Amino acid sequence: MGDVLRIATAGSVDDGKSTLIGRLLYDSKSVFTDQLASIERTSAARGDDYTNLALLTDGLRAEREQGITIDVAYRYFATPRRSFIVADTPGHLQYTRNMVTGASTADAAIVLVDARKGVLEQSRRHAFLAALLRVPHLVLCVNKMDLVGYDAATFQRIVAEFGALVAALGTELDVAAPAVVALPTSALLGDNVVSRSAAMPWYDGPALLEHLESVEAHTPPDRAPARLPVQYVIRPMSVDLPDYRGYAGRLSAGVLRPGDDVVVLPSGRTTTVAGIDSFDGPVDVAFAPMSVVVRLADDLDVSRGDLIAAAVSAPTPTQDLDATVCWMTDAPLLPGSRVVIKHTTRSTRAVVRGLGERVDVRTLRRSATPALGLNDIGRVTFRTATPLVLDPYARDRTTGSFIVIDESTGATSGAGMVR
């Protein structure tokens, strides 16, 4: 079994996102017999003259009744080459926050476009969010090709329009534009989903599953400096290990080896790695996203919330945080609001010092705003009670992201990306 690829789907309402995922699950033999029998019964009860594979992902009663996706649905399947986690995200404007949630950890985003309609406002919105969230790979599925007679010119026109949009977004957001691979598909009939379709001889590229099996899942770890947010201090105090002290966490980036020079932040104390332990025993090398226990050469004061980082290119702790925030609750975010920020394994109180420009996700225009409302995306500056150790989100999606928590209820109110 290979590595894991995290995928988010996006697109306008009725473009076929849930059907596409259902087709992937069905054609890759990842559907249990009782699941298939259940959706066949439900399809018949709805009056469908076909097995509605979208029901494999639309699990909420309201979703089935209305024929729309409301919440993010995660589905898992595997092939001999790798495992997949697929987030089926809603297409409606009012569920922008759900799209952000689903794409925040994605290695690839599949953007569906109805071949009859072309690139719509919602297609632009989801391409914008994928670029904003630094999803490295975009897959454009021009879906429902069967309804336009498998016309090559229609496919090529949509691909050109979408490519120009992504290039413009890269310039506007000052990011490297995601790599785009375009495929003509029919999720309903299975054309170019798991296997290549004979209905489009003019297309000589891979089927969707073939492409997803070959996509690079993560940035090669040796390209980034090591980052290990400390989750827990291990002190067994046993007869066999009377002096053992290790620091458990999951590497968000980079590689660690015994003998490496590291710095513990925010204290700034430097030391070297004495040893690395995994579930299976000591290891000579650890790389993202492995979960390990690191032993240090010196007896330092290290606790949950600290960061063990490569001594070279270590981030600087700060109490001033400048970020792009997606607001996810009805109560608005205002200057002076007091919140809790959870960044990796550290939580701290914070106050909103100011609001910058808000991005209109419908038009992609920016404007000054007195507050951030539900599903708004804008620039926010915070002042934290204790220092945080931050990387820009463009460099590290783990140490460069955080969630905003309502101090009174404990509910997650927003998600932020360090600028």
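Arg6, Ile7, Tyr74, Ile85, Ala87, Gly102, Thr105 and Ala106 line the second largest cavity of this predicted model. The volume of that cavity is about 40 Å³. Two strands, E1 (4-11) and E3 (83-88), each contribute at least two residues to its lining. Sorted by class, the lining residues are 5 nonpolar, 2 polar and 1 charged.

The structure has 3 cavities of 30 Å³ or more. The largest of them has a volume of about 60 Å³, and its lining consists of Gly305, Leu307, His343, Thr344, Arg346, Pro387, Leu388, Val389 and Thr399. Strand E20 (residues 377-389) is the main contributor to this lining, with 3 residues. The table sets out the two linings.

| Cavity | Volume | Lining by class |
|---|---|---|
| Largest | about 60 Å³ | 4 nonpolar, 4 polar, 1 charged |
| Second largest | about 40 Å³ | 5 nonpolar, 2 polar, 1 charged |

Gly102, part of the lining of the second largest cavity, is also among the buried residues of helix H4. The others are Thr96, Asn98, Met99, Val100 and Ala103. Helix H4 (residues 96-103) is largely enclosed by the rest of the structure, because 6 of its 8 residues are buried. The elements that cover these buried residues include E1, strand E2 (73-78), E3, helix H5 (121-132) and strand E16 (317-327). E1 and E3 thus appear both in this cover and in the lining of the second largest cavity.

Aromatic contacts form a separate topic. The structure contains 4 aromatic pairs. One of them joins Phe77 and Phe84, whose rings are stacked at 4.7 Å centre to centre with 15° between the planes. Phe77 and Phe84 are both buried.

Phe155 and Trp202 make a tilted pair, because their planes stand at 45°, with ring centres 5.6 Å apart. Which parts of the chain does the pair of Phe155 and Trp202 tie together? Phe155 belongs to helix H6 (residues 152-173), while Trp202 sits in the loop between strand E6 (179-184) and helix H7 (208-214), so the pair links parts that are 47 residues apart in sequence.

Are Phe155 and Trp202 buried or exposed? Phe155 has a relative accessibility of 8% and therefore counts as buried. Trp202, at 31% relative accessibility, counts as partly exposed. With Tyr203, these two residues form one aromatic cluster.

Conventions
Residues are numbered from 1 along each chain as its sequence is written. This is a predicted model: local features need pLDDT of at least 70, side-chain atom pairs count only at pLDDT 80 or more; totals for chains, interfaces and linings use all residues. Side-chain values use heavy atoms; hydrogens and water are left out. On a 1 Å grid over the protein atoms alone, a cavity is a set of points where a 1.4 Å probe fits but cannot get out, and a pocket is an open set with protein on both sides within 12 Å along at least five of seven lines; lining residues have an atom within 4 Å of a point. Grid points are joined across faces, edges and corners, and a volume is the space filled by probe spheres set on the points. Helices (H or I, at least four residues) and strands (E, at least two) are DSSP runs, numbered from the N terminus. Ala, Val, Leu, Ile, Met, Phe, Trp, Tyr, Cys and Pro count as nonpolar, Asp, Glu, Lys and Arg as charged, and the others, Gly among them, as polar. Buried means under 20% relative accessible area, exposed over 50%, partly exposed in between (1.4 Å probe, protein chains only). Contact means heavy atoms within 4.5 Å. Rings of Phe, Tyr and Trp (its six-membered ring) pair if their centres lie within 6.5 Å; planes under 30 degrees apart count as stacked, over 60 as edge-to-face and the rest as tilted.
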